[in-house]
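Biologist: Please take a close look at one residue of this model and the sheet to which it belongs. I should like a connected account that starts from the contacts of that residue and then works outward.

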Amino acid sequence: YDGIIARAGKELSARASRAKVPLVNVWFSSDARERLPGVFPDFQAIGSTAGEHLIERGFRQFACLSRPRELAHVEMVHAFHDALSNVHGECLCGTVLRFYYRNGKSWSSFQNQLDAWIESWTPPIGLFVAFNDITIRYVVSACRKHGLRVPEDVAIIGGMNEPNICEMPPPSLSSVEVNYEQIGYSAAEMLAQLME
């Protein structure tokens, strides 16, 4: 290889270094992030934008769903909470494991966690889901199972903006634009400079 753009961890970083191949990291939660050149979304801006969006729509009860060990999620949730501090809004935080879809047992656990968490809400509520948008679809299904209407009872905003998932099926989803295409171009530009 002449150069690599990757979700790079320590092992790939070490191999690329030994082979003297330039490497650009695009994985924010990488265990090698501090040592590698990288390009990432502004996760704090995503969390702030989500909070401001829900506040502008008049919500004062909030919830957020994230993975506690995912650094990108930590950044988004902290910024979301900072945005809410301006209106002193209460936020009920839910967390789930990364691979909740791995097998039947982890899926059932995920569903049970969602059910218990949703039962603790007092609608109307503004919800920020720091996961990919497919996870929002699962949350929408769980809300419907509990008789909650989206967006009337639960307004949901995500942080990845995957158009094919956001637009179909109804209801359409609101999600913060991350501009992954620009991240790809920026990573390629950084790699070209390293290769030169």
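**Ser66 and its surroundings**

Modeller: Leaving aside residues up to four places away in sequence, Ser66 touches His73, Val77, Gly94, Thr95, Val96, Ala130 and Phe131. The model is predicted. Ser66 belongs to strand 3, which covers residues 61-66. With a relative accessible area of 8%, Ser66 is buried, because the limit for that class is under 20%.

The sheet comes next. It is open and has five strands in the order 4-3-5-6-7, with parallel pairing. Its edges are strand 4 (90-95) and strand 7 (174-175), each of which pairs on one side only. Helix 5, residues 133-145, packs on this sheet and touches strand 3, strand 5 (125-129), strand 6 and strand 7. The direction of helix 5 makes about 170° with that of strand 6.

Strand 3 and strand 5 run parallel and are joined by four bridges. Leu65 has Val129 of strand 5 as its bridge partner. On to strand 6, strand 5 has five bridges, again in parallel, and here the partner of Val129 is Gly158. Val129 is thus a bridge partner of Leu65 and of Gly158. Strand 5 is mostly covered, since five of its five residues are buried. Ile125, Leu127 and Val129 lie on one side, Gly126 and Phe128 on the other, and both faces are covered. At the far end of the order, two bridges join strand 6 (residues 154-158) to strand 7, and these strands run parallel. Ile157 is paired there with Ser174.

A pair of cysteines also deserves comment. The sulfur of Cys64 has its closest cysteine sulfur in Cys93, at 3.3 Å. A disulfide requires sulfur atoms within 2.5 Å, so this pair is too far apart for a bond. The count of disulfides accordingly comes to zero. Cys64 is buried, at 1% relative accessibility, whereas Cys93 is partly exposed, at 44%.

Beyond the sheet, helix 2 (residues 43-56) packs with helix 3 (residues 71-84) at an angle of about 35°, the axes lying 7 Å apart. Their crossing is right-handed. On the side of helix 2 the contact includes Phe43, Ile46, Ala50, Leu54 and Ile55, and on that of helix 3 it includes Ala72, Met76, Ala79, Phe80 and Ala83. Of the residues in this contact, 11 are nonpolar, four polar and two charged.

Some backbone details complete the account. Most residues other than glycine have a negative phi, and most peptide bonds are trans. Val150 and Pro151 are joined by a cis peptide bond with omega of about 10°, and Pro151 is found in the loop between helix 5 and strand 6. The bond from Met168 to Pro169 is also cis, with omega near -5°; Pro169 sits in the loop between helix 6 (163-167) and strand 7. Asn161, in the loop between strand 6 and helix 6, has a positive phi near 45°. Lys20 likewise has a positive phi, near 55°, and lies in the loop between helix 1 (10-19) and strand 2 (23-25). Lys20 is exposed, with a relative accessible area of 73%, whereas Ser66 is buried.

Methods
Residues are numbered from 1 along each chain as its sequence is written. This is a predicted model: local features need pLDDT of at least 70, side-chain atom pairs count only at pLDDT 80 or more; totals for chains, interfaces and linings use all residues. Side-chain values use heavy atoms; hydrogens and water are left out. Buried means under 20% relative accessible area, exposed over 50%, partly exposed in between (1.4 Å probe, protein chains only). Contact means heavy atoms within 4.5 Å. Two strands pair if DSSP finds at least two bridges between them. Axes are lines fitted to C-alpha atoms, for helices over the stretch in contact, and angles run from 0 to 180 degrees between N-to-C directions. A crossing is left-handed if the near helix is turned anticlockwise from the far one by less than a right angle, and right-handed if clockwise. Ala, Val, Leu, Ile, Met, Phe, Trp, Tyr, Cys and Pro count as nonpolar, Asp, Glu, Lys and Arg as charged, and the others, Gly among them, as polar.
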